[in-house]
Amino acid sequence: NQALLYVPRLGIEPTQEGYTQAVLAAAVPVLQASGGRAFMLFTSHRALKEAAEFLSTRVSFPLFVQGSAPRGQLLAGFQKSGNGVLLGAASFWEGVDVPGEALSVVIIDKLPFRQIGDPVLEAKLEDIRARGGNPFAHYQLPQAVLALKQGVGRLIRTVTDRGLLMLCDPRLYSKSYGKTFLQSLPPMQRTDLISQVDEFFKAFPQRA
């Protein structure tokens, strides 16, 4: 009852050109509804940079962008602002604790599968193949589920916290493995309608 999962209908796949732009366009009305107070977590620094450029001209909330200042300084500024939007990748997916209303939205651009091409990852997958295993089912999928749970875990930090989780990846519903990700999440209501996002924040207005 304290959290809502929003999976927007983007009409585009993560592998297609323009995907990040579609994610950001869908995120803007969410940020307006929440009054900022959001973490936007990205699976690549390229997408993070694109987001920083896009949002700088489309929202009035303070932006705190990973790489522009030390991590501790960004978090302190975000908490103090009261309506900030923090853009992060990698290290911001875990080990970050912002309880209370300062963080009321977590937006995740893609399911966090590790990028093929990493030599360490390639060696791990080849070892699984050599032992007769399925690299995707036995390693890539479990690792991505764990990473998603860590990112989602930034949202509800205390028993009184409330918040919106926006997962933008359409593969949650278009791929059979999407169910594995959804089943790993804490129980919460789900919607694909921005109108229900608006209603969620109207029902839980920001306290003065």
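Two strands count as paired here if DSSP finds at least two bridges between them. Keep that in mind for these close-ups, which all come from a predicted model.

**View 1. Seven strands make one open sheet.** Follow the strands across and you get the order E3-E4-E2-E5-E6-E1-E7, with parallel pairing. Strands in a sheet are held to each other by backbone hydrogen bonds, in a parallel or an antiparallel way. At the edges you'll find E3 (63–65) and E7 (189–191), each of which pairs on one side only. On average, neighbouring strands of this sheet are turned by 20° against each other, if you ignore direction.

**View 2. Zooming in on E2 and E5, a parallel pair.** How many bridges link E2 and E5? Four bridges do the job. Look for Leu41, which stands opposite Ile108 in E5. Helix H2 packs on the sheet too, where H2 touches E2, E3 and E4. The direction of H2 makes about 160° with that of E4.

**View 3. Helix H8 lies across four strands: E1, E5, E6 and E7.** Compare its direction with that of E1, and you get an angle of about 160°. H8 covers residues 194–203.

**View 4. The largest nonpolar core has 36 residues.** Which residues touch the most other members of this core? They are Leu31, Met40, Leu87, Ile107 and Leu164. Several helices and strands each chip in at least two residues, among them strand E1 (3–6), helix H2 (45–55), strand E4 (85–89) and strand E6 (163–167). The top contributor is H1, with nine residues. Apart from this core lies another one, of 34 residues, including Leu5, Leu41, Phe64 and Leu103.

**View 5. Leu31 and the residues it touches.** Leaving out residues up to four places away in sequence, Leu31 touches Gly36, Ala38, Met40, Leu55, Val59, Phe61, Val85 and Ile107. Two of these contacts, Met40 and Ile107, are also on the list of residues that touch the most other members of the largest nonpolar core.

**View 6. Ala102 sits in the loop between E4 and E5.** Is Ala102 buried or exposed? Its relative accessible area is 16%, and the cut-off for buried is under 20%, so Ala102 is buried. Around Ala102 you can spot Arg37, Ala38, Phe78 and Gln79, all touching this residue, not counting residues up to four places away in sequence. For a sense of scale, find Pro142: Ala102 and Pro142 are 40 residues apart in sequence and 31 Å apart in space, C-alpha to C-alpha.

Terms used
Residues are numbered from 1 along each chain as its sequence is written. This is a predicted model: local features need pLDDT of at least 70, side-chain atom pairs count only at pLDDT 80 or more; totals for chains, interfaces and linings use all residues. Side-chain values use heavy atoms; hydrogens and water are left out. A nonpolar core is a set of buried Ala, Val, Leu, Ile, Met, Phe, Trp, Tyr and Cys residues joined through side-chain atoms within 4.5 Å. Buried means under 20% relative accessible area, exposed over 50%, partly exposed in between (1.4 Å probe, protein chains only). Contact means heavy atoms within 4.5 Å. Axes are lines fitted to C-alpha atoms, for helices over the stretch in contact, and angles run from 0 to 180 degrees between N-to-C directions.
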